[in-house]
Structures are given as structure tokens and as C-alpha cells.
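Me: Could you walk me through this structure, one question at a time? I'm new to this, so please show me how you get to each answer.

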Amino acid sequence: VSFICLALLPAGRTASEVARATVVAQYTGAFRSAAAGAELQAAALIADGLISGIVGLGIFVMLGNEGKLAWMLGGNFVLAGTLGVLLFLLLHNQRFASWVKRKFPRLAEHAADEVTTPRFYGILPTAWSLFGRCLQVAQYGVVVLAVGGALSLRGAFVGYGIHMVGATVGAAVPNQVGVVDGAYVAFANVLGFPGAPAKALSVALVLRASQLLFAAVCMVAATLTREAPAKVPAAAASPSS
């Protein structure tokens, strides 16, 4: 449900996080759902920073200062990583948790104290998020090959690096439509398509098509697995005398 909202709705990531929290809240309560969603974002930001640093360093080693892409990824490493660490520390601050419970008593009505207890200090969720981004780097290398480029570490790193820069700039745009596409055209030479911006743009279009296909799969899965509302038996509703 979260991915459907991220890929298709105008509000983008904001709508996806609200949808995710709403679905989870019916099983865990609003406070725990909100806390889990915020910690997920902290882990995702830290992983974004780490993968930006890894990819940016790799691009700098392979290409030097070409296109300034490596330096832009370095800036993303600092920005995303710092925001993620600060958010995680804030979430596990007892004073902040107490303030939230006082400020929003209905939200925290069924909250337990353990929701603010660090679990592995965010290492485990961050590691899973980073692993997912490493798989995405490989995916971008395959897409560059599919549109006529070479299957190489450079293509994978540059392709994903362009995506990260475009996603940061277009964070408020639904699925970064238009912003990421423009970034691929701007960095076509660095990607290995000098004088052929259409091929660079094709990378974004292939990835967009795969995201829309996956959103369609998610819509089918969400429909098929939706739980029907529980019905109260007639005998339970009308107790005997």
C-alpha cells in the first residue's frame, strides 16, 4: 500500500508514509505505528547517506571530478546521514518520548515504555536498508546495459548516483517524475552516452516502467489480501436472559 501511494499519488512519500502508518496502526496502535514509521525513515536516511558516500567515492576514483557528480553525492552523504542519525537519536530520547505522550495523549494512550528503547541502536534496520540499496546499484547497471550501454561498475555507480542526486532534489515530487529524468539527460556524458541524451533518458524510463509494473502487482496483492471486517455473531450480540 505504501509503494502504491509513493508511485502513483501526487503527495508522493508523504502519502506513502501516512498509508503505511494507517495500515500498521490497526494492529499495533497509533503510537507504536508512528514510532516504527519514524525509525524506518531514520534507517532509510542513514542508508541513503552511506550508499551515496560509497557510490560517490567510487565515481571519484574512476572518473575524478568529472561532472561534479561525485561531489554532489558527497553532499548527499553528509545531508542524509546527518538527518538520519539526528532523527534516530531524537526518537530514542526519553524526554522527547515523554513530551510526545503529554502533547498527544490519545496517540499515546496504549503506548508502552519499550517503544523508545533502542534495539541494536538502529544497526539492523539500517543494514537491511543498505543491502536493498546495494541491490538497486546492481539493477541500475543492468538497465544501463539494456539501453545500449556497457555492463560495468562505472555504469552501475553513475546510474544510481544520478538517481540519488535527482531523488534528493525532487524529494517533494511524486516518484521524482521529471526531476530524475532531467538529471539523466544532464549527466548523459558521465553515464557513457556522449551526444546521446535520449539513451540516458531511457534509463529513467525503463526504471519508471518497472516501478509502475510493481505498483500494479502491489495493487493486486493488496486487494487479494485485504481482510474482511469481523462480524459479531448474533448469539453474542443478544445474550440470553
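**Helix pairs and a pocket**

Me: At roughly what angle do the axes of α3 and α7 cross?

Reply: Happy to help, and keep in mind that this is a predicted model. The axes of α3 and α7 come within 9 Å of each other. The angle at which they cross is roughly 130°.

Me: Which word describes how α3 and α7 lie to each other, oblique or roughly antiparallel?

Reply: To count as roughly antiparallel, an angle has to be over 145 degrees, while 65 to 115 counts as roughly perpendicular. The axes of α3 and α7 cross at roughly 130°. Therefore the word for α3 and α7 is oblique.

Me: Which class has 11 residues in the contact of α3 with α7?

Reply: On the α3 side, the contact includes I51, I54, V55 and I59. On the α7 side, L153, F157, V158 and M164 are among the residues met. Three residues of this contact are polar and two are charged, and the class with 11 is nonpolar.

Me: Is α8 roughly parallel or roughly antiparallel to α10?

Reply: The axes of α8 and α10 are 7 Å apart, and the helices pack at an angle of about 150°. Angles over 145 degrees count as roughly antiparallel, so α8 and α10 are roughly antiparallel.

Me: How many polar residues are in the contact of α8 with α10?

Reply: From α8, the contact takes V180, D181, Y184 and V185. From α10, it includes P197, A200, L201 and R208. By class there are 10 nonpolar and two charged residues, and the number of polar ones is no more than none: no polar residues.

Me: How does α6 lie to α7, roughly perpendicular or roughly parallel?

Reply: α6 and α7 pack with their axes 7 Å apart, at an angle of about 110°. Angles from 65 to 115 degrees fall in one group, so α6 and α7 are roughly perpendicular.

Me: Is the crossing of α6 and α7 left-handed or right-handed?

Reply: For α3 and α7, the crossing is left-handed. For α6 and α7, where R133 and Q136 of α6 and Y160 of α7 are among the contact residues, the crossing is right-handed.

Me: About how much space lies in the largest pocket?

Reply: Helices that each supply at least two residues of its lining include α3, α6, α7, α8 and α10. The space in this largest pocket is about 1,400 Å³.

Me: Which residues that line the largest pocket are the closest to its centre?

Reply: The lining has 39 residues. By class, 19 are nonpolar, 14 polar and six charged. The closest to the centre are L6, R13, D48, R133 and Q136.

Methods:
Residues are numbered from 1 along each chain as its sequence is written. This is a predicted model: local features need pLDDT of at least 70, side-chain atom pairs count only at pLDDT 80 or more; totals for chains, interfaces and linings use all residues. Side-chain values use heavy atoms; hydrogens and water are left out. On a 1 Å grid over the protein atoms alone, a cavity is a set of points where a 1.4 Å probe fits but cannot get out, and a pocket is an open set with protein on both sides within 12 Å along at least five of seven lines; lining residues have an atom within 4 Å of a point. Grid points are joined across faces, edges and corners, and a volume is the space filled by probe spheres set on the points. Helices (H or I, at least four residues) and strands (E, at least two) are DSSP runs, numbered from the N terminus. Ala, Val, Leu, Ile, Met, Phe, Trp, Tyr, Cys and Pro count as nonpolar, Asp, Glu, Lys and Arg as charged, and the others, Gly among them, as polar. Axes are lines fitted to C-alpha atoms, for helices over the stretch in contact, and angles run from 0 to 180 degrees between N-to-C directions. Angles under 35 degrees count as roughly parallel, over 145 as roughly antiparallel, 65 to 115 as roughly perpendicular and the rest as oblique. A crossing is left-handed if the near helix is turned anticlockwise from the far one by less than a right angle, and right-handed if clockwise. Contact means heavy atoms within 4.5 Å.
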